Amino acid sequence: MDMVTTNNRQWEKYQKEIADDRYYYARSCIRQTFFPGSEWAFIDILRNKLGKDIFDDPKHTTCTGIGYHSDVVPFQTTMTVVARHFALMTEAGYANITPSCITSFGIYTEILHAWEEHPELLERVREDLYKATKREFDVPKNLAHTSDVIYKFRNQIAMQMVHPLVDVHTGKPLRVVDHIGCHYAKMFPSKGVGGAEFPAVLSGMVDAWGGECIDYPERRHCCGFGFRNYLVQANRGYSVANSMKKLESMEPYEPDFIVTNCPGCGMFLDKWQYTISEMSGKTYGKNGYGIPVLTYEEMAGLVLGYNPWDLGLQMHQVAVEPLLDKMGIDYDPEKKYCDADGKLISLPKCPTFLKQ
Amino acid sequence: MVNFGFTISVTRAVEYDKNDKGCAEYVALRVPSSSACIGCGGCSATCTAGNLTEFNIRKIQMLMKRGENQLYKEQLHKCMLCGKCLTVCPRGVDTRGMILAMIEYMREK
Amino acid sequence: MSDKKHIVVIGGGPAGCVAAERLSRLGFRVSIVEKECELGGNLNNWDRLFPDGKRASEMVTKLVNDVKMADVAVWTDVEPIEAKRVENGFTILLSDKSLLFADAVMLTTGFAPFNAIRKEEYGYGIYRNVTTSVELENMIQAHIVPDTVSRVGMVHCVGSRDEKCGNMYCSKVCCITAVKQAIELKQMLPNAEIFCFYMDMRMFGPGYEELYREAQERYGIKFVRGRVSEASEDSEGRVAIKVEDTLVGRPMRMKLDRLVLMVGMEPSAGTRSVAELLGVKTKVNGFIQGGDPHIAANQTNVPGVFVAGTATAPMNSTDTLNDACAAAFQVANYLNG
């Protein structure tokens, strides 16, 4: 098992089993829209940099997490949909499932826990799934979020590092804010690397790759995504207020970037910076550029020398160029909005305050 | 500025470091017994005004101590100054005097 | 060898000292087994006692003198590693290989302060300015509270009344300790603002409620009913806390120069191990299970093995000393048949 280190402390209580090969990959509903290169990068890193077997199954669907957390999908339905995922995993000959979404991870964890506590629920789900689809399934042997998997191999990745998380101009470690999705460990602290209060899953990567994690007062605060909250336009005011609270709290530390392991958090912390700037004129970060937000796959991709535009960084609201410059990463500004064949797709509109 | 159809919510939290504790300091000097309150609510239970209006003397003096002055300012004049609260307070707080001191402070401000 | 009956008292804290001294005066041969190099237990790590401010060292001196005068055999730096029930008593093997025979055994192995690292949300062991009540007591004793400290928050019930750390019970002494330490801090730092964040103020002992009131009226200590949910560090090293002021009905945020965690009591390692050695039943919370709570609280499930003080439940020093006296009489009754 991997040792967990955060803030020079050992949280031995929260070591977690993470399978070391043969993963059944469960994609997120929304990540391919917001961070179109992240899931590709994950698969590529696992297959081509770490030599692992990972199965990307086109037959797999949503876990219903968004519907479940918005009170439109009942738990019984969610369990049956998830059981179908497990059936697909079983049919493909895999036993370790690794979801890309934090809420899927939370849902899987919650369901496995429910089945453990109430075996009759599992029997009922087996029956329902069989009636509906004629499928049968094994309960996964190992459940780990994809950030757990990258965490597990952080030292192997460090050995292949091209661009450490260091400012090439000053030689100092980059200052990184890690933001962990609430459904990673707040519901089941023992299922997260490092637990709920000082999760080490992202800070462990940052440490291993030469950066320095910042602990700021609102570090453990929710980003405000909250499903039903941002879904209803009138409620978005308190959704965005949470992101704002975090941004205000981290600002004095002058972070070089934020890294997240949750689809919603990454999207919100990035896009709300635009919203806040348009609503109030306020920008965070130096010179009006905002604080770049990366997924851990994007962070790993940059560290391993992937082309930023292949990683999908052009899709971010906050410009990543200042960060790329700090890390000494070569990129072609002309290619930022080109497709795979090098043809310009189109240029996005510029925000009023947030510099691009 | 762009209107996206919502406004950014303002925190409900008591931001103690930012709040103005002027009134609290004034009342602490003028009515020293106010420090002995244990929040039992006897005063509010018996309060003439509190049974008919939002006036909650226990809560008002706590908000005052935290510097949340805007939240109770408009309530103060609802006190009928009957003094019933004085008779029930187990800690001997000069509750009536406390309200008077708050009104006085707000007037001077 | 005298034909006096022999009682082995395991644990030389206040309960052990008093029980040993009483039993000796009642005409028994008594030995105290203490794992540390001196008697006094947790009192050796404390400055002043509530509610009267008596020095703990004064108390220890009295206890040790009483033990000396009473002609009790004191074994320090040793602990029992094996215990066997034999006919009419017990044999106890100590870590230095001595073998004691006991007609009766008294367990006074006491408590250990709750390990605050387990309440992760307070960041003890991570944030410089988060300390425990035990450390604060030591700081007060050594006069090393820096005068730059302008605001202190004391969190009650750390490790007590909290199913998250498995301790459902009240540790009883933390509320009054907070009141005492808040007053002491205020005496050292007259301009500091001191907050106590409590769930309930449990002022059960004589003089406690009066001291609480004095803390409010004379020292201006501010009591906020609400449990601190989270502490973190700001860029200047101050501690930012989240708490609800439940009597206002709003969450509250503030920064502190020091956050003091009022750590509760847990059964000491010695209490746990000696219970296992002797086959003594413990409660779900790990403290030793006494007999009938009204009339036989100092008996255990093993005839001839008795318990007193904080090995059986959290209690203050007054109750600990009285409990030890009561236990001594129960042992005497047992041995005198």
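**Exercise 1. How much area does chain B expose, and what share of it do carbon and sulfur atoms supply?**

This is a predicted model, in which local features need pLDDT of at least 70, side-chain atom pairs count only at pLDDT 80 or more, and totals for chains, interfaces and linings use all residues. Residues are numbered from 1 along each chain as its sequence is written, chains are lettered from A and ligands numbered from 1 in the order in which they are written, and side-chain values use heavy atoms, with hydrogens and water left out.

Solution.
- Take the area: chain B exposes about 5800 Å² (Shrake-Rupley method, 1.4 Å probe).
- Take the share: carbon and sulfur atoms supply 54% of that area.

**Exercise 2. Describe the build of chain B.**

Solution.
- Count elements: chain B has 5 helices and 1 strand (DSSP runs; helices H or I, at least four residues; strands E, at least two).
- Order them: from the N terminus, they run β-α-α-α-α-α.
- Check burial: 46% of the 109 residues of chain B are buried (under 20% relative accessible area, 1.4 Å probe, protein chains only).

**Exercise 3. Work out how α2(A) and α14(A) pack.**

Solution.
- Read the geometry: helix α2 (residues 38–49) and helix α14 (residues 296–303), both of chain A, pack at about 55 degrees, with axes 8 Å apart.
- Classify: α2(A) and α14(A) are therefore oblique to each other (not under 35, over 145, or 65 to 115 degrees).
- Find the contact (heavy atoms within 4.5 Å): α2(A) brings A:S38, A:A41, A:F42 and A:I45, while α14(A) brings A:E297, A:E298, A:A300 and A:G301.

Definitions and conventions. Axes fitted to C-alpha atoms, helices over the stretch in contact; angles between N-to-C directions. Buried < 20%, exposed > 50% of the residue type's maximum accessible area, 1.4 Å probe, protein only.
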